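Work through the exercises below with the sequence and the model open side by side. Each task is followed by a solution that goes step by step.

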Amino acid sequence: MINIYTNEEINKVKEAGKINKLAHEYLASLIKPGISTKYLDDEAGKFIESHGGIPASKGYEGYPCNICISINDEIVHGIAKEDVFLKEGDIITFDIMTKLDGYIADSATTWPVGKVNKEKEHLMYHTKKALYTGLKEVKAGVPLGNISARIQQYAEKHGLSVPHEIGGHGVGKDVHEDPFIPNYGKYGEGVILKSGMILAIEPMLVVGDRHVDVLDDDWTIVTHDGSNSAHFEHTIAVRDDGYEILTGE
Ligand code: MF3
Ligand code: CO
């Protein structure tokens, strides 16, 4: 079942989303070679809580961290560690869920650590563009598949691949709600979007082929071929004439 939210509820997600946006900026300001991912996760938890929110990923189906931190070939759901340190040339993704007053916002950004190579620049630039390109499809009355197809088309045009096993989702009261939103698909297919749906749209694109593995920690999803991955995500509300971003521009 896909929830339809009132404007009042949408505003609550937007309040949570403001904390997300600030948390991304704060964490990005801490990035430098030598710091551990655990340090960043601890800082994320403190930041969210000091703004009145709850890190909603923590404890979700047993997930152990405040936010998801994924480096290089890790696509999503990476786990922060005391003995994993950022290196010059890495790319790092923060995937943050903040719960505030019972409502959850979800957003992800990928950042360079110092200077990164051209391949990583290309990947980050076009993954972010894929998100905004997909969002152009969003408005009430449009089939969900149009968003998926648009993201896939954009990714492939720029030589990037789309893993099939992971994608976006509804969000609001729960971390993951219906519908699942693949980053590949066909125009004209899928449920019809309605005003008041809240969706997390999140292209996770990879440089190599689309196949993924799950690490022994049962969480971290990595590319099978070891190629790099980037991830950009916003939570949005579907409107009659388009969409409203709830996690900051
Ligand atoms: N933001 C992540 C997603 O959309 C979910 C984080 S909770 C986790 O998949 F437990 F799954 F990590
Ligand atoms: Co998400």
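## Aromatic pairs

In this predicted model, the structure holds three aromatic pairs.

**Exercise 1.** Describe the geometry of the pair formed by Tyr-5 and Tyr-103, and state where its two residues lie.

*Solution.* The ring centres of Tyr-5 and Tyr-103 are 6.4 Å apart and their planes enclose 80°, an arrangement that is edge-to-face, because angles over 60 degrees are assigned to that class. Next, Tyr-5 lies in the segment before α1 (7–30) whereas Tyr-103 lies in strand β5, so the pair ties together parts that are 98 residues apart in sequence. Finally, both Tyr-5 and Tyr-103 are buried.

**Exercise 2.** Carry out the analysis for Tyr-63 and Trp-219, and decide whether each residue is buried or exposed.

*Solution.* Tyr-63 and Trp-219 form an edge-to-face pair, with 5.0 Å from centre to centre and 80° between the planes. The pair links distant parts of the chain, 156 residues apart, since Tyr-63 is in the loop between β1 (54–55) and β2 (68–71) and Trp-219 is in the loop between β10 (212–214) and β11 (221–223). With the cut-off for buried set at under 20% relative accessible area, Tyr-63 counts as buried at 3% relative accessibility, and Trp-219 counts as buried at 18%.

## Cobalt site

**Exercise 3.** Which residues are the protein donors of the cobalt ion (ligand 2), and how are they spaced in sequence?

*Solution.* The protein donors are Asp-106 (OD), His-169 (NE2), Glu-202 (OE) and Glu-233 (OE), lying 2.0 to 2.2 Å from the cobalt ion. In sequence, these donor residues follow the spacing D-x62-H-x32-E-x30-E. Asp-106 lies in strand β5 (residues 103–112) and His-169 in strand β6 (residues 167–170), so this pair ties together parts that are 63 residues apart in sequence. Both Asp-106 and His-169 are buried.

Definitions and conventions
Residues numbered from 1 in each chain as written. Chains lettered and ligands numbered in written order. Predicted model: local features only at pLDDT ≥ 70, side-chain atom pairs only at ≥ 80, totals over all residues. Heavy atoms only, no water. Donors = N, O, S within 2.8 Å, 3.2 Å for Na, K, Ca; no water. Helix = DSSP H or I, 4+ residues; strand = E, 2+ residues; numbered from the N terminus. Buried < 20%, exposed > 50% of the residue type's maximum accessible area, 1.4 Å probe, protein only. Phe/Tyr/Trp six-rings, centres within 6.5 Å; stacked < 30°, edge-to-face > 60°.
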